[in-house]
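Trainee: I am new to this structure and would like a close look at one part of it. Please take a single residue and work outwards from there.

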Amino acid sequence: MRNAVLTACLVALFPYSAAAQITPECTEPDVLIVFDVSGSMGKAIPGTKYTLATNAIVAATKSLDDELRFGLLMFPEPAGQHCDLDPDPQIPLALNNGGAFSSLLQPGGGNFWGGPTGSHDTPMFQALDAVTSLPQLQTVERRHYVVLITDGNQDCCIAGDYDNQSDCLPGSTDLDPAEAADNIADLVATVKQLAGMGIHTFVVGLQEKVSASALNQMAVAGLTPKPNCNVNQTDPAAANNCFYTADDKNSLEAALGAIALVIAHFSSDSTRTTFTKALRARLARRFRSRALCSPVHRMRPSGGAHSNH
């Protein structure tokens with residue numbers, strides 16, 4: 001107790017001294033959105049899952065991009081086909097990235113990539129595996145998070161599968177149940193690996209075709225399950241899933257708002273919250289009111305291996 005009081009006094013008297021080190025709590029967290037742009041998301045036209053998702057993602061990033069360092073990794077890669085994957089994020093992690101998200105993801109944007117097509121499959125494992133090697137997520141000075149947004153399952157039936165074992169039954173586009181089970185085990189193991197590295201993974205399932213079993217296991221492995229959830233739940237629409245669910249723009253905004261609050265350490269629940277001025281103000285107060293964080297600690301640091309909360 002005496003040492004704690006002494007430390008507090010040193011920090012108060014010498015706010016720029018070695019007694020107050022740069023810590024992950026004093027710097028804006030990294031939030032890498034790993035976004036499913038497979039053909040099942042639909043074209044970049046009104047009413048599709050792609051459009052509802054991108055509208056919500058852009059709303060989130062524009063509202064909070066001066067408090068959270070957003071980045072984007074799309075799977076498959078925009079210029080590729082089937083399960084091609086570029087392991088480097090299309091939008092590198094940084095503050096003030098809201099405009100970059102809008103430009104890349106929305107029609108009319110200066111860098112619009114064109115939207116999903118029927119030749120885009122679902123290399124979810126490859127995307128999460130690539131995250132384990134991203135140097136941007138291997139720094140000690142800030143916390144790191146992944147937000148996986150998907151409408152389906154690992155599916156590389158046509159080409160580019162990571163284990164050279166067909167994801168589909170012979171002569172069919174239906175997933176092979178045995179191979180699907182192996183894929184889920186690999187996905188969960190990869191998310192668990194990220195958690196061991198200090199990178200927590202939030203999981204968001206879009207509409208009714210997701211595998212609730214897979215996403216629940218991944219949310220638990222990623223250390224971000226919703227409170228009082230049932231990891232064995234198999235109904236994607238159930239209220240007690242461990243992952244966040246969304247079926248329209250508003251519910252996806254609510255899910256992303258709840259995730260932002262968890263990242264900000266306000267709450268561990270999934271209260272339905274959209275990106276209102278009130279939410280943004282709450283986040284700003286949280287990030288700017290840390291007792292041991294002097295202005296010098298809010299400078300943009302670099303380098304190192306990382307930790308999380």
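Is Q106 buried or exposed, and what is its relative accessible area?

Mentor: Keep in mind that this is a predicted model. Q106 has a relative accessible area of 18%, and the cut-off for buried is under 20%, so Q106 counts as buried. Q106 sits in the loop between α3 (98–105) and α4 (124–131).

Start with what Q106 touches. Its side chain makes a polar contact of 3.1 Å with the side chain of S102, and S102 falls within the residue range of α3. Setting aside neighbours within four places in sequence, Q106 is in contact with T54, N55, V58, F101 and F112. Of these, T54, N55 and V58 lie within α2, which runs over residues 49–64.

Now step back into α3. L105 belongs to this helix and is buried, at 0% relative accessibility. Beyond its neighbours within four places in sequence, L105 is in contact with F35, Y50, T54, I57, L72, M74, F112 and W113. T54 and F112 are thus contacts of L105, and they are contacts of Q106 too. F35 lies in the range of β1, while L72 and M74 lie in the range of β2. The C-alpha atoms of L105 and T51 are 8.9 Å apart, with their places 54 residues apart along the chain.

G98 is another residue of α3, and its relative accessibility of 0% makes it buried. Its C-alpha atom is 6.4 Å from that of V58, although the two residues are 40 apart along the chain. Leaving out neighbours within four places in sequence, G98 is in contact with T61, K62 and D65.

Next, follow α2 to another helix. α2 packs with α7 (residues 249–263) at an angle of about 35°, and their axes are 8 Å apart. This crossing is right-handed. On the α2 side the contact is made by L52, A53, N55, A56, I57, A59, A60 and L64, and on the α7 side by K249, L252, E253, L256 and A260. By class, that gives 10 nonpolar, one polar and two charged residues. N55 is therefore a residue that takes part in the contact with α7 and touches Q106; I57 takes part in it as well and touches L105.

On the other side of the loop is α4. Seven of its eight residues are buried, so α4 is largely enclosed by the rest of the structure. The buried ones are M124, F125, Q126, A127, L128, A130 and V131. They pack against β1 (30–36), β2 (69–75), β4 (144–150), α5 and α6.

The last two of those partners pack with each other. The axes of α5 (residues 177–196) and α6 (residues 212–221) come within 8 Å and cross at roughly 20°, so the two helices are roughly parallel. Their crossing is right-handed. I184, L187, V188, V191, K192 and A195 of α5 meet A214, Q217, M218 and A221 of α6. By class, this contact has eight nonpolar, one polar and one charged residues.

Note on methods:
Residues numbered from 1 in each chain as written. Predicted model: local features only at pLDDT ≥ 70, side-chain atom pairs only at ≥ 80, totals over all residues. Heavy atoms only, no water. Axes fitted to C-alpha atoms, helices over the stretch in contact; angles between N-to-C directions. Helix = DSSP H or I, 4+ residues; strand = E, 2+ residues; numbered from the N terminus. Parallel < 35°, antiparallel > 145°, perpendicular 65-115°, else oblique. Left-handed = near helix turned anticlockwise from the far one by under 90°. Contact = heavy atoms within 4.5 Å. Nonpolar A, V, L, I, M, F, W, Y, C, P; charged D, E, K, R; others polar. Buried < 20%, exposed > 50% of the residue type's maximum accessible area, 1.4 Å probe, protein only. Polar contact = N/O pair within 3.5 Å; in protein donor to acceptor, adjacent residues only side chain to side chain.
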